[in-house]
Amino acid sequence: MRLVDLTWARGRLHPDDPLLAVPHSFLHPAVTGSQGTPGDAELLARAARGDERAVGMVYDRYGQVMYAVAYRIVRQPGDAEEVVADAFAQAWRDAGRFEAGRGSVAAWLTVITRSRALDLLRARSRRERITDTAQRSDPESTLGMGTPGASPDAAVETKERERRVAEALADLSPPQRAAIELAFFEGLSHSEIAERLNEPLGTVKTRVRLGMQKLRESLKPYFYERFA
Amino acid sequence: MSGAEFGTPRDLAAAYALGALEASEAKAFEELLARDTELAREVAEYREVAALLALAEPASSPTDGLRARVIAGAPPRPISTTSSSEAGINWMPWALAASLLLAAWMGAGRARLGARLEEAFALLARRDTLLAQRDTSLAVQQRTLDALLAPGVELYQLTATGDPVPGVQLFWDRKRNRAIIQSFGVKPLPDDRTYQLWFIQDGKPVPSVTFRPAADGRAQVESIEVPSGAGVTAAAVTEEPLGGSPQPTSAIYLVGKLSGA
């Protein structure tokens with residue numbers, strides 16, 4: 001993925017160009033509700049009460065991330081959208097169980113999305129999975145026009161996050177990365193990963209642990225929520 | 001290496017957050033998690049990591065219909081329940097209108113209050129219109145920004161010969177063979193003239209879109225089809241009769257090399 005370097009562009013754009021108004025902040029005030037923006041937890045509660053505006057705002061903040069998780073697992077745009085819609089429906093139902101002190105809304109929504117996507121994946125027969133994968137459309141060719149309600153600074157922030165995550169994953173050893181991705185995107189347990197990779201169980205456990213430790217350190221500035 | 005290295009629950013926090021523990025392990029871990037706030041914090045951090053993992057791959061975007069579908073799937077709203085912030089932002093004009101309605105109903109200055117009531121509703125209608133316009137404008141800006149920030153988009157400058165002030169920026173998405181142009185400071189045109197973009201392919205001009213700048217010299221055209229195949233080496237802008245021309249009929253006004261083409 002190539003990010004347009006806005007700093008570079010600043011010297012070349014017209015001084016009034018709207019692109020120059022895009023803030024370069026990568027902090028997410030939406031999470032905690034600073035600067036007059038409702039926080040995620042507040043929005044979640046309002047959405048669960050049927051506030052359509054809050055529903056739209058939660059979608060604008062995390063719909064794309066949830067879709068990315070769903071797509072990565074089910075590998076079909078239509079199925080990924082189905083998963084996201086189901087995940088949001090579950091989120092509204094289970095909003096009362098969300099504990100703000102135990103993680104961010106983004107992480108909570110991701111867990112729900114992953115779970116729904118894996119459910120869908122498991123419902124397919126192995127043969128169907130192979131066929132679906134072979135026939136899946138190129139994600140680049142299905143690009144929509146983005147999330148209509150997302151703000152420009154959120155779009156820039158997301159791009160920066162994507163870049164940093166890709167870099168952080170690239171810094172892992174390939175076996176560490178493979179073990180983590182098999183666990184998260186295919187829903188495999190330690191022992192199933194060991195079996196899949198034909199590696200000792202302890203080796204797989206170590207790879208998952210060390211790889212995640214490394215990611216935690218390198219991605220901490222990009223967490224949706226910071227923890228004291 | 002063996003599982004014996006995992007002597008403490010903390011060693012399993014990452015795997016738990018990833019969903020990599022066996023069911024029995026996960027259950028035992030959750031019992032510890034409920035009592036250990038430090039462990040809970042660690043799991044929360046690993047969940048943040050997990051939430052980011054999918055961003056590593058260039059992601060497609062959901063269709064615009066998904067947002068509408070999610071909103072349509074919002075739970076039914078209790079009639080009598082609203083948050084304090086909504087009350088402050090959305091309901092105040094309606095409350096004002098309702099109080100005015102009540103006063104009017106009670107007969108006190110009925111005609112005058114009725115007029116104020118109409119004003120309040122007109123104010124609401126104007127505000128709703130403005131909000132809708134702003135939403136539309138933001139959606140358009142967002143689409144443009146998405147296109148500019150798409151992976152692989154390259155930026156080229158078309159400048160006037162001998163004069164660096166007017167110019168056109170051309171954003172080329174080679175993968176999709178689409179471009180966006182933005183003009184700055186280009187001179188105004190008579191009513192019967194237009195600017196036309198040309199792609200130079202194999203040394204020959206291929207006609208593209210026409211555009212007329214606003215009074216400040218600015219214009220923007222999106223979703224421009226770039227000629228397929230190799231050999232597109234430059235882009236240029238000429239002044240043409242309204243409607244454009246199959247071949248340039250005037251000297252090149254702006255030109256820029258598309259390097260790496």
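Let me start with strands S4(B) and S5(B), which pair in the antiparallel sense over 6 bridges; strands here are DSSP runs of E with at least two residues, numbered from the N terminus, as are helices, which are runs of H or I with at least four residues, and two strands pair if DSSP finds at least two bridges between them. Before I go on, please keep in mind that this is a predicted model, in which local features need pLDDT of at least 70 and side-chain atom pairs count only at pLDDT 80 or more, while totals for chains, interfaces and linings use all residues. Residues are numbered from 1 along each chain as its sequence is written, chains are lettered from A and ligands numbered from 1 in the order in which they are written, and side-chain values use heavy atoms, with hydrogens and water left out.

S4(B) and S5(B) form a hairpin with 2 residues between them, and in that turn Asp202(B) has a positive phi of about 50°. On the strand S4(B), which covers residues 193–201, 8 of the 9 residues are buried, where buried means under 20% relative accessible area, exposed means over 50%, and partly exposed lies in between, computed with a 1.4 Å probe on protein chains only.

Which strand is joined to S4(B) by 9 bridges? That is S7(B), residues 232–241, and the two run antiparallel. Ile200(B) has a bridge partner in S5(B), namely Pro205(B), and stands opposite Ala234(B) in S7(B). From S7(B) we can move on to S8(B), since 5 bridges join these two antiparallel strands, with Ala235(B) partnered by Gly256(B) in S8(B). S8(B), residues 252–257, also pairs in the antiparallel sense with S1(B), residues 153–160, over 2 bridges, and there Ala160(B) stands opposite Leu254(B).

Next, a word on backbone angles. Most residues other than glycine have a negative phi. Asn177(B), however, has a positive phi of about 55°, and this residue lies in the loop between S2(B) and S3(B). Asn177(B) counts as partly exposed because its relative accessibility is 22%. In chain A, Arg75(A) has a positive phi near 65° and lies in the loop between H4 and H5.

Staying with chain A, is Glu160(A) in helix H8 buried or exposed? Glu160(A) has 3% relative accessibility and therefore counts as buried, and its side chain is joined to that of Arg163(A) by a polar contact of 3.1 Å, meaning a pair of N or O atoms within 3.5 Å, of which, within protein, one must be able to donate a hydrogen and the other to accept it, while residues adjacent in sequence count only if both atoms are side-chain atoms.

Finally, let us turn to the second largest pocket, whose volume is about 860 Å³. A pocket is found on a 1 Å grid over the protein atoms alone, as an open set of points where a 1.4 Å probe fits, with protein on both sides within 12 Å along at least five of seven lines, and lining residues have an atom within 4 Å of a point; the volume is the space filled by probe spheres set on the points. Of its 31 lining residues, the closest to the centre are Trp108(A), Val111(A), Tyr16(B), Glu30(B) and Arg47(B). The largest share of the lining, 9 residues, comes from H6(A).
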